[in-house]
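Biologist: I'm new to this one, so could you take me through a single part of it up close? I'd like to look at the buried acidic residue in the loop ahead of the last helix, and then see how the rest fits around that spot.

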Amino acid sequence: MRMTMFAAMAAAIAMGGAAFAQTMPTNVHAMNGMLMDAKGMTLYTWDNDKEANKSACTGNCLANWPRLTADAADKDTGDWKVITNADGSKQWAYKGKPLYYFVMDKNSGDKLGDGRGNGVWHIAKP
């Protein structure tokens, strides 16, 4: 009986993790409490994105903080939304926050962007 209960709990936990993974874009995963792309590059949010599902990052901002782009065929799924920017490009947003990379992150797992810009850039968390 006890083993069955543990097996059932383990299955429920595994299915919960699978359900979370199924609601994410295929090119994104959660690892060590952070959101990363398929290559392990850290994703960020920006406090200056005040309106939900709308990016305020343009010009020089985008030169340093490239968008996590979405393909034309990508569709909203759960907390994940495909947003259209003023220039017509598509970008992923998670829970209303557009997602970005930081150009100084060169290797998988780098997180040099966290706290940049007087603390307005943050590692995206699931």
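Modeller: Happy to. One term to start with: buried means under 20% relative accessible area, exposed means over 50%, and partly exposed is in between. By that yardstick, 33% of the chain's 126 residues count as buried. Keep in mind that this is a predicted model.

Now to your residue, Asp105. You'll find it in the loop between strand S6 (97-98) and helix H3 (116-119). Asp105 is buried, yet it has no salt bridge. Why not? A salt bridge needs a side-chain nitrogen of Lys or Arg within 4 Å of a carboxyl oxygen of Asp or Glu, and the nearest side chain of opposite charge, that of Arg116, is 7.3 Å away. What the Asp105 side chain does reach is the backbone nitrogen of Leu112, at 2.8 Å. If you skip the neighbours within four places in sequence, Asp105 is in contact with Met41, Thr42, Tyr44, Asp110, Lys111, Leu112 and Gly113.

Just along from there is helix H3, which holds Asn118. Most residues other than glycine have a negative phi. Asn118 has a positive phi, near 60 degrees, and with 85% relative accessibility it counts as exposed. Asn53 also has a positive phi, of about 60 degrees, although it is not a glycine. Asn53 sits in the loop between S3 and H2 and is partly exposed, with a relative accessible area of 30%.

While we're in that loop, have a look at Ala56, which lies between strand S3 (44-46) and helix H2 (60-64). Ala56 is partly exposed, at 41% relative accessibility. Leaving out residues up to four places away in sequence, Ala56 touches Trp46, Asn48, Asp49 and Tyr100. From Ala56 to Ala86 the C-alpha distance is 9.4 Å, though 30 residues separate them in sequence.

So where is there a salt bridge? The count for the model is one, and the partners are Arg67 and Asp87, whose side chains meet at 3.1 Å, N to O. Arg67 is in the loop between H2 and S4 and Asp87 in the loop between S4 and S5, so the pair ties together parts 20 residues apart in sequence. Arg67 is buried, at 14% relative accessible area, whereas Asp87 is exposed, at 56%.

Stepping back, the chain has three helices and seven strands, running α-β-β-β-α-β-β-β-α-β from the N terminus. The largest nonpolar core has 14 residues, and those with the most contacts inside it are Val28, Leu35, Leu43, Leu68, Trp80, Trp92 and Leu99. Strands S4 (80-84) and S5 (90-94) are the elements that give two or more residues to this core. Apart from it lies another core, of twelve residues, including Met34, Cys61, Phe102 and Val120. Back in the largest core, Trp80 touches Thr23, Met24, Pro25, Val28, Leu35, Trp92, Ala93, Tyr94 and Leu99, again without counting residues up to four places away in sequence. Across the whole chain, among contacts between residues at least 6 apart in sequence, 58% join residues at least 24 apart. As for the outside, the chain exposes about 7500 Å², with carbon and sulfur atoms supplying 57% of that.

Methods. Residues are numbered from 1 along each chain as its sequence is written. This is a predicted model: local features need pLDDT of at least 70, side-chain atom pairs count only at pLDDT 80 or more; totals for chains, interfaces and linings use all residues. Side-chain values use heavy atoms; hydrogens and water are left out. Helices (H or I, at least four residues) and strands (E, at least two) are DSSP runs, numbered from the N terminus. Buried means under 20% relative accessible area, exposed over 50%, partly exposed in between (1.4 Å probe, protein chains only). Contact means heavy atoms within 4.5 Å. Accessible areas come from the Shrake-Rupley method with a 1.4 Å probe; for residues, only the protein chains shown count as cover. A nonpolar core is a set of buried Ala, Val, Leu, Ile, Met, Phe, Trp, Tyr and Cys residues joined through side-chain atoms within 4.5 Å. Lys and Arg count as positive and Asp and Glu as negative; His and the chain ends are not counted. A polar contact is a pair of N or O atoms within 3.5 Å; within protein, one must be able to donate a hydrogen and the other to accept it, and residues adjacent in sequence count only if both atoms are side-chain atoms.
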